[in-house]
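Me: Got a minute to go through this one with me? I'd like to start with the metal and then move on to the ligand and the rings.

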Amino acid sequence: MMLINCPHCGPRDEVEFHYGGQAHVAYPEDPHALNDREWAEYLFYRDNPKGRFEERWQHSIGCRKWFNAVRDTHTYEFLATYGANDTAPAPAPATVEGRM
Amino acid sequence: MANHLPEHPDFLWRNPDPKSSYDVVIVGGGGHGLATAYYLAKHHGITNVAVLERGWLAGGNMARNTTIIRSNYLWDESAAIYEKSLKLWEGLPEELEYDFLFSQRGVMNLAHTLQDVREAQRRVNANRLNGVDAEFLDPQQVKEVCPIINITDNIRYPVMGATYQPRAGIAKHDHVAWALARKADEMGVDLIQNCEVTGFYKDGDRVIGVETTRGRINAGKVGLAAAGHSSVLAELAGFRLPIQSHPLQALVSELFEPVHPTVVMSNHVHVYVSQAHKGELVMGAGIDSYNGYGQRGSFHVIEEQMAAAVELFPIFARAHLLRTWGGIVDTTLDASPIISNTPIDDLYVNCGWGTGGFKGTPASGFTFAHTIATGEAHPLNAPFSLDRFETGHLIDEHGAAAVAH
Ligand SMILES: Cc1cc2nc3c(=O)[nH]c(=O)nc-3n(C[C@H](O)[C@H](O)[C@H](O)COP(=O)(O)OP(=O)(O)OC[C@H]3O[C@@H](n4cnc5c(N)ncnc54)[C@H](O)[C@@H]3O)c2cc1C
Ligand SMILES: [Zn+2]
């Protein structure tokens with residue numbers, strides 16, 4: 001059971017949230033300039049890393065606001081949550097042992 | 001009494017050290033990788049093959065699934081490949097000389113709303129046009145096939161009918177893997193465990209080998225069959241896949257006398273149940289919504305699944321849960337698999353089977369072996385190539401995939 005820190009409401013149980021996939025996927029600046037390959041990238045290709053991932057969540061049965069999070073898809077640790085229009089905090093510098 | 005499991009032979013496969021070079025290297029020793037190696041050897045005479053598995057053989061999703069086999073998919077492309085798979089299943093125990101308890105006890109997909117009923121009837125008609133056995137059952141007929149099911153109409157989502165595929169069923173998944181492994185090994189394929197692929201060697205745009213935790217292995221061709229880890233491997237090779245990895249979990253009860261004679265799936269209230277040969281009730285539910293590589297699932301998914309199970313099967317209320325586990329499934333946007341060449345020459349990919357690839361194991365191996373051996377798609381997997389995401393010829397099977405993802 002994950003505890004998710006809504007930037008507006010504070011920590012809440014994951015069942016209050018709706019998942020929105022990868023964050024910061026911008027609508028193409030000049031859609032007419034895109035070829036089929038580029039449209040496919042925009043519509044169907046998303047990052048799928050094992051590790052640090054910037055993603056969107058909605059606090060759907062709370063304040064209903066969308067926000068962003070940095071989560072580790074391997075450990076499920078939330079490294080940060082931040083506003084929908086903010087940029088992601090930089091990754092913490094790796095320690096000597098590295099993070100597991 | 002519960003059925004006895006087949007005795008398996010003492011000797012299943014050798015445990016060779018990797019050679020420095022192979023004609024074909026398959027990454028991933030799950031069912032799909034093993035079936036691919038088997039058909040490469042059997043149909044194409046390519047036996048200088050290694051299957052590299054980072055853990056133990058078939059310990060990934062192959063060991064974790066609920067083993068449901070059916071071919072009642074909606075679209076022509078899917079019906080063709082899944083029905084080919086079912087036909088292969090029907091001959092495999094004899095062909096592999098190994099009884100893996102393939103049991104054609106039928107599968108019902110329940111309908112709980114008027115829209116479900118319409119979708120189900122449409123699918124039954126589509127199935128029949130494609131030569132796939134299918135019937136639509138009313139609630140009374142549902143009860144005849146599976147007497148323990150609750151068809152009263154005073155529950156939140158009463159049973160309003162079901163599709164029924166009599167030839168569908170279950171098989172003993174571990175034994176399937178061992179059966180394929182043994183035959184592939186007999187034909188000369190090297191099955192190498194504890195060997196993780198960590199990188200790729202390329203000559204320009206062509207793959208020429210893999211870097212592994214057991215050293216460099218050169219390869220004429222490389223086939224990826226790594227299920228939930230396919231995008232991790234693609235990234236190492238330098239291309240992207242339209243895949244998202246999610247945890248999917250299942251659970252089993254303690255052992256019971258036979259009470260559940262068929263397989264019941266419900267997409268709407270989201271539970272699927274069969275009774276294993278030994279007697280456990282085997283149950284699954286939906287995926288966790290978020291991307292994840294942890295081989296466990298969320299507790300609230302189990303809660304919802306149990307609530308649905310107990311409403312549909314009131315006699316389950318007193319069953320004890322024995323254990324739960326999870327796998328990592330590789331989902332695509334159209335809920336259909338990818339069996340394809342890639343932007344890298346001589347590198348092929350087989351992934352995207354999501355929550356439903358166990359049933360596809362034989363056809364997956366059959367078509368992937370063809371694609372690797374000839375460099376061309378087989379007619380059965382041509383529609384499942386990567387370029388469908390560019391051409392827009394998606395095969396949208398969400399409705400028939402039966403586990404929402
Ligand atoms: C809980 C659950 C229930 C399911 N129920 C059903 C069902 O009822 N019916 C159905 O049809 N399907 C079902 N599925 C789906 C089915 O299990 C999968 O679609 C199918 O097993 C995927 O193919 P595979 O067997 O090759 O994958 P896997 O068995 O996962 O094989 C992939 C292998 O690749 C290995 N690997 C990954 N990365 C590397 C690397 N870098 N180097 C070397 N090896 C690597 C992994 O260790 C793994 O063994 C279910 C899945 C789950 C998790
Ligand atoms: Zn909130």
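Reply: Sure, here is a walk through the zinc site, ligand 1 and the aromatic rings. This is a predicted model, where local features need pLDDT of at least 70, side-chain atom pairs count only at pLDDT 80 or more, and totals for chains, interfaces and linings use all residues. Residues are numbered from 1 along each chain as its sequence is written, chains are lettered from A and ligands numbered from 1 in the order in which they are written, and side-chain values use heavy atoms, with hydrogens and water left out.

Me: Which protein donors does the zinc ion (ligand 2) have?
Reply: Cys6(A), Cys9(A) and Cys63(A) each give SG, and His59(A) gives ND1, at 2.0 to 2.3 Å from the zinc ion. Donors here are N, O and S atoms within 2.8 Å of the metal (3.2 Å for Na, K and Ca); water is not among the atoms, so sites may look incomplete.

Me: And what arrangement do the four donor atoms make?
Reply: Tetrahedral, because their angles at the zinc ion are 105 to 120 degrees. For four donors, that label needs all angles between 85 and 135 degrees.

Me: What spacing do they follow along the chain?
Reply: It's C-x2-C-x49-H-x3-C. Cys6(A) is in strand 1 (residues 3-6) of chain A and His59(A) in the loop between strand 4 (52-58) and strand 5 (66-72), so the pair ties together parts 53 residues apart in sequence. Strands are DSSP runs of E, at least two residues, and helices are runs of H or I, at least four, numbered from the N terminus.

Me: Are Cys6(A) and His59(A) buried or exposed?
Reply: Both are buried, meaning under 20% relative accessible area (exposed is over 50%, partly exposed in between; 1.4 Å probe, protein chains only).

Me: Switching to ligand 1: which polar backbone atoms does its nitrogen or oxygen meet?
Reply: A nitrogen of ligand 1 is 3.1 Å from one in Arg54(B). Oxygen atoms of the ligand lie 3.1 Å from one in Gly356(B) and 3.0 Å from one in Phe358(B).

Me: OK, rings now. How many aromatic pairs are there?
Reply: 17 over all chains. Rings of Phe, Tyr and Trp (its six-membered ring) pair if their centres lie within 6.5 Å; planes under 30 degrees apart are stacked, over 60 edge-to-face, the rest tilted.

Me: What about Trp89(B) and Phe100(B)?
Reply: Their centres are 5.8 Å apart and the planes at 75 degrees, so that pair is edge-to-face. At 0% relative accessibility, Trp89(B) counts as buried, and Phe100(B), at 0%, counts as buried too.

Methods
Tetrahedral: all angles 85-135°; square planar, octahedral: opposite > 155°, others 65-115°. Polar contact = N/O pair within 3.5 Å; in protein donor to acceptor, adjacent residues only side chain to side chain.
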